[in-house]
Amino acid sequence: MGDMRAIAVVLLALAAGMLSGVFAGPVAAQAKPQVQVTSVSTGNWPSVEATVTVLDAAGRPVTGLAPGAFSGDIGGAPLELRDVTTASAPGIGIAVVLTFDVSGSMAGAPLDQSKAAARALVAQLGPDDQVAVVAFATGVTVVQGFTKDRAAANAAIAGLVAEGNTALYAGVRDSIKLAASAPLPRRAVVLLSDGVDFGGVSGVDPASTLAQAEASGAIIFTIGLGAELDRAYLGDLAARGKGQFKVAPAPADLTDLYEYAASVLRSQYILAFDASGIDAAAAAGKPLTVRVDVGGVAVAGAAAIDVPQPPTLSPTPAPTAAPTAVPGATGESSGGLSPVVIAGAAVAAVLPASLVLTLLFRKRTASRRTAREAETLRRFRRPDAGPVSAGIERVVAEETARAWLRLPGGEKAPLGTAPVTIGFTADCTVQLPNGSRGPGLERARIWWRDGSFMLHNLSRAGNLQIGGKPVTWAVLEDGDEIEIGKTRVVFEATDRDPPGS
């Protein structure tokens, strides 16, 4: 009898463990905190922006981490951390796709509870967030496109009706496509299903949707309802999408899972790194690794990134020399074209092509810097002290300046071969007056290369124009008006060769 009681106790313990695993999902197996790099932007290289999820050992989002808790590197080369912002900060929004399985098996309490749970998630979204609603059964329907109108989103959710089969893979494919079209850089998909793809009704290869999720940059939450689920697929989908897979044994459990997804999205960190000290060519193919100190426990997450590789600028070809006429040469006659005329025609044909090539070389381009430029930037010297008088550090003697930046007050900053950073922050070589109060948003770097001064926009917000047009990279020309933030400076070239050229 005692043996029977002991066996019963063991069985109860095993059952309790299995149930707790169902409710908690895969996160319960974590022995320590977890870091997920959900998306990376290198569009303004060398500025690198990463969105990071930090979870504790129980899978709960970790909030309140100080900037000192974060560090990052690309292939082991350390990055300078410029800024840490939380996803709940004003002005930082996320676009969320709410995707519902509305097949016939969802009729009644399952769909009613999923609607209530989704409305609870919508209620947690911030004023800058947007939401879209997708439904899939035999086919896929975008019920509501991205909107900030909470009433419109809730009306779309309320109108869902359950009928038909389950085109799970098609629902995933179209939801990720919709997320990719979102007007906000941070994106997420929260998908609910109570079954498996029915009889190939999707007509979609599931492996292609997993690859799509991995490449999308959207964080993907998958929520399974009931016991008849494609657990392997939904779990893999969430893992590829840097999200979480959760299971609700009963419809009443859905609200907690949707609120959990909302809390993770609102607790993410946006990290701004400066990769100026890293050679773009050497960084190609290397992952971005983010390390976080969570209560004394060091954890890390990594993501593949696309480091922009600049093309090499080609020098302007010299015009082909025209042939010289030789008096008395064979073929010269009073009735034909003389060699002098022929030579003139050849020069006339060559010159337009040469002029076009010269203009193309001088035209501002959006090309990214080369490895040589990166090496130059790595040698860039920052001021040891804070802002100097009048915001200018004399990096080159005025009498040897190759060019100047004329500032709003009339003062001129000399330019030589050393890279110069202009902007509103204390680390800028030329610190501009009356600038933005934002942290490091408006900055540009100018340096000498291949006979010209180049400019690279370092602004995360991209708020820099030349001649009224936004630029990322440009070859500066005499008289160019550079608008950075709300301040204008003018580039003025001289006829002097720069020192060391």
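This note goes through the salt bridges and the largest pocket of a predicted model.

1. Salt bridges overall. Side chains of opposite charge can pair when their charged atoms come close. In this predicted model, the count of such salt bridges comes to 12, and the points below take up some of them, beginning with individual pairs and then turning to a network.

2. The pair D56 and R60. The side chains of D56 and R60 meet in a salt bridge, with a distance of 3.1 Å from N to O. The two partners differ in their surroundings: D56 has a relative accessibility of 17% and counts as buried because that value lies under 20%, whereas R60, at 51%, counts as exposed because its value is over 50%.

3. The pair R266 and D129. A salt bridge also joins R266 to D129, whose closest N and O atoms are 3.0 Å apart. This pair links distant parts of the chain, since R266 belongs to helix α7 (residues 254–266) while D129 sits in the loop between α2 (109–124) and β7 (130–136), and 137 residues separate them. Both R266 and D129 are buried.

4. The pair R240 and D236. Here the closest N and O atoms of the salt bridge are 3.3 Å apart. R240 and D236 both lie in helix α6 (residues 231–240), and because they are 4 residues apart there, about one helical turn separates them. R240 is partly exposed, with a relative accessible area of 28%, and D236 is likewise partly exposed, with a relative accessible area of 29%.

5. A network. Salt bridges also link E80, R82 and D274 in a network.

6. The largest pocket, its volume and centre. The volume of the largest pocket is about 990 Å³. Its lining is made up of 42 residues, and those lying nearest the centre of the pocket are S39, V40, S41, E49 and T51.

7. The elements of the lining. Two or more residues of the lining of the largest pocket come from each of the strands β1 (34–41), β2 (47–55), β5 (80–86), β12 (269–274) and β14 (297–304), and from the helix α5 (206–216).

8. The make-up of the lining. When the residues that line the largest pocket are divided by type, 19 are nonpolar, 14 are polar and 9 are charged.

Technical notes:
Residues are numbered from 1 along each chain as its sequence is written. This is a predicted model: local features need pLDDT of at least 70, side-chain atom pairs count only at pLDDT 80 or more; totals for chains, interfaces and linings use all residues. Side-chain values use heavy atoms; hydrogens and water are left out. A salt bridge is a side-chain nitrogen of Lys or Arg within 4 Å of a carboxyl oxygen of Asp or Glu. Buried means under 20% relative accessible area, exposed over 50%, partly exposed in between (1.4 Å probe, protein chains only). On a 1 Å grid over the protein atoms alone, a cavity is a set of points where a 1.4 Å probe fits but cannot get out, and a pocket is an open set with protein on both sides within 12 Å along at least five of seven lines; lining residues have an atom within 4 Å of a point. Grid points are joined across faces, edges and corners, and a volume is the space filled by probe spheres set on the points. Ala, Val, Leu, Ile, Met, Phe, Trp, Tyr, Cys and Pro count as nonpolar, Asp, Glu, Lys and Arg as charged, and the others, Gly among them, as polar.
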